[in-house]
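Me: I have a model open and would like to walk through it. Can you take my questions as they come?

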2 protein chains.
Amino acid sequence: MVAPESEKSRLDEAARAGWLYFIAGHTQDEIAKMLQVSRASAQRLVSLCLAERLITFRLEHPIAACMELAARLKDLFHLVYCEVVPTDPAAPLAAAGIAERAANILESTLRSDKPTIVALGTGRAVRAAVERVSPIDCPNHQIVSLVGNISADGSASFFDTVGRLADRTKARHYPMPLPFLMSSESERKQMLRIDPIAKVRAVAAKADLRLVGIGQMDQRAQVHVDGFVTREELFEMMRLGAVGEVVGWAFDAEGRIIDGGTNGRLTSIPPQVPAEALTIGAAVGRAKVSAIRAALKGRLINGLITDEATASAVLKP
Amino acid sequence: MVAPESEKSRLDEAARAGWLYFIAGHTQDEIAKMLQVSRASAQRLVSLCLAERLITFRLEHPIAACMELAARLKDLFHLVYCEVVPTDPAAPLAAAGIAERAANILESTLRSDKPTIVALGTGRAVRAAVERVSPIDCPNHQIVSLVGNISADGSASFFDTVGRLADRTKARHYPMPLPFLMSSESERKQMLRIDPIAKVRAVAAKADLRLVGIGQMDQRAQVHVDGFVTREELFEMMRLGAVGEVVGWAFDAEGRIIDGGTNGRLTSIPPQVPAEALTIGAAVGRAKVSAIRAALKGRLINGLITDEATASAVLKP
DNA sequence: TCAATGCGTGGGCATATGCTCAAACGCAAC
DNA sequence: GTTGCGTTTGAGCATATGCCCACGCATTGA
């Protein structure tokens, strides 16, 4: 430093200005008068104080940690959107918090005048989010399912998110009247060629917002619990390295979609890699940490809604 | 509270807004968009965050403690002006820091266009301050001494602050060609009636700014060390309760000017009680703490320049 | 000595902020 | 229902802030 002395006194002045501005709450004009400098200089001192990190802000509120985690996730994984909600200490797996946020996103998207295509995936959080969307008329929008809602036994899935959201909004909607999994790859190909299905897929491909759950691939994997894949199929995917799934598409720890296994017979819309449209994953829970981390790494999603505990675990190496 | 639930979520939002504003550095407009509220509401949330003290500022700089002390002194003793400079650890008694500040005040006062009367008292800090005033022409101002500069032996005081400052500024100046102390009260009265002296006193009474030192009344009292008062006179004043003096006027621990003793024979201008014009005391040092506290209590001064160690001690009960 | 360089300064303008006011909203009692 | 009260909201405006630019001053190197 050429002039450590003047440099020092300059920082002193900056500290003074910062104190007067942030702590005493004076305006820069007042500070300028007090320090006998021009207003412009006072402004410079205040920003110097900031730039030199002489002053630090501390937010005494649980939210602060959440914001911090969200910012780190956003930065680390190049996310377009990230929201971390406080973990409910009474029920760490409760999707209520994240569902609220997801519902918020849905509502604000649907309230917009611009015609929008919203695509919905699987997952408790997504279902809960839809439940929380308050009824509004928005016939200009379209709601499309990313995933077939017919289970292996032929019955419709117990929770038709697309239909439910459409009820509340009067939006045009495109459910996907397909089994989640076909029995062979060729059968899958055949199915996808059917005109109405192709149309739904075309709409889904143009979706402006995708809201998906993230499933872990362990013995309690939702796709298995819900009866969409058998124990054997699940184990095969795990053998192939699967740690998680998004709308059924299993991926490994690096977030690469696995080649083969059930992935070859899935009817659901594959994720864009990397995600182009806003694709928000919503998930909480200790068990989902690896799956979430992988999905982020592989850029299967570019948005995330989770809770503090989960976010914190995802960031731990 | 009528609505603890909504109240809580409101504070959550406020915390979010505050985080985004102060920590992430977004504008209120951006925050409004993020939180889906109007800009006005975002502003309200940010100020709520401040009002509820959710966010705190910490200034990582030695100056911060000084500012804090200055603010407390200002508040506690209703000061118009208060400045606390960092204590020089190498020389806790060095008047350099406070002299710099005092010089600053003098300069800015003298630089003003408005014709001003500056009155100077005693003390090392005042002398050093004058030394540090950089030469400027300001013939519209007047500089007047609050205290006689002839010592007991008839010689002029070794440091003529008024003359020195006038040299540097070409301002009209009024030294007080009087002994500090007369030998009796009647002699004092007689002296003060002399026309030129009365004129000087009249000017001094109208002073817009008084800069004075604060002396302690102990065995090392400046008034005694400099030979203005004898050991016996000093002891008498101490017996009468004197803890300090301003331009020679001794006061007790409550800041009340003492009746009798040398106070009856002083030629210097008595302090206004309470001080009306800006009257700044400048002093540092462990030994002066009681004197400073008393001067503040008695409102003999309404401005103070000191250092961190002294300020801290003055505030300790 | 003088030009070159570079930092700090203050004027001025576009933008951001704080605040006021009237309107809307929710809520509770009737 | 509806009536009234208290709170919250958003438009609009005065003020404060951030930043660009041209200027000035000092330091440096030829």
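What follows is a short exchange about the chains, two sheets and the DNA contacts.

Reply: Go ahead, and keep in mind that this is a predicted model.

Me: Start with the two protein copies. What turn and shift lay chain B on chain A?

Reply: A turn of 180° and a shift of 0.0 Å along the axis do it, with an RMSD of 0.1 Å. That is the relation of a two-fold axis.

Me: Which residue of chain B comes closest to the rotation axis?

Reply: B:F57, with its C-alpha at 2.4 Å. As for the contact surface, the same one serves both copies: 100% of the contact residues of chain B recur in chain A.

Me: OK, DNA now. Which residues surround strand D?

Reply: Both chains take part. From chain A there are A:T27, A:Q28, A:D29, A:A40, A:Q43, A:V46 and A:S47, and from chain B there are B:V37, B:S38, B:A40 and B:S41.

Me: And which helix gives the most to that surface?

Reply: α3(A), with 4 residues. At least two residues each come from α2 (28-35) and α3 (39-51) of chain A and from α3 (39-51) of chain B.

Me: Switching to strands. In chain B, which strands does β3 pair with, and in what sense?

Reply: β3(B) is joined to β4 (residues 142-145) by 4 bridges, running parallel. β3(B) also pairs with β6 (residues 209-213) in the parallel sense, over 3 bridges.

Me: Which residues sit opposite each other there?

Reply: B:A119 has B:V144 as its bridge partner in β4(B). On the β6(B) side, B:L120 stands opposite B:L211.

Me: Are the β3(B) side chains buried or exposed?

Reply: Residues 117-120 of β3(B) are all buried. B:I117 and B:A119 point one way, B:V118 and B:L120 the other.

Me: How does the chain get from β3(B) to β4(B)?

Reply: Through helix α6 (residues 124-132) of chain B, as a right-handed β-α-β crossover.

Me: Back to chain A. What is the strand order in the sheet with β8?

Reply: The order is β7-β8-β9, an open sheet of 3 strands with antiparallel pairing. β7 (215-216) and β9 (249-251) are the edge strands, each pairing on one side only.

Me: How many bridges hold β7(A) to β8(A)?

Reply: There are 2 bridges between β7(A) and β8(A), the latter spanning residues 244-246. A:Q216 stands opposite A:G244 there.

Me: What lies across that sheet?

Reply: Helix α12 (residues 289-297) of chain A lies across β7, β8 and β9, at about 60° to β8(A).

How values were computed
Residues are numbered from 1 along each chain as its sequence is written. Chains are lettered from A and ligands numbered from 1 in the order in which they are written. This is a predicted model: local features need pLDDT of at least 70, side-chain atom pairs count only at pLDDT 80 or more; totals for chains, interfaces and linings use all residues. Two strands pair if DSSP finds at least two bridges between them. Two residues are in contact if their C-beta atoms, placed from the backbone, lie within 7 Å. Axes are lines fitted to C-alpha atoms, for helices over the stretch in contact, and angles run from 0 to 180 degrees between N-to-C directions. A residue is buried if 20 or more other C-beta atoms lie within 10 Å of its own, exposed if 12 or fewer, and partly exposed in between; C-beta atoms are placed from the backbone. A crossover is right-handed if, with the strands pointing away from the viewer, the path from the first strand over the helix to the second runs clockwise. Copies are superposed by least squares on the C-alpha atoms of residues with pLDDT of at least 70 in both. A residue is near a molecule or strand if its C-beta atom, placed from the backbone, lies within 6 Å of it.
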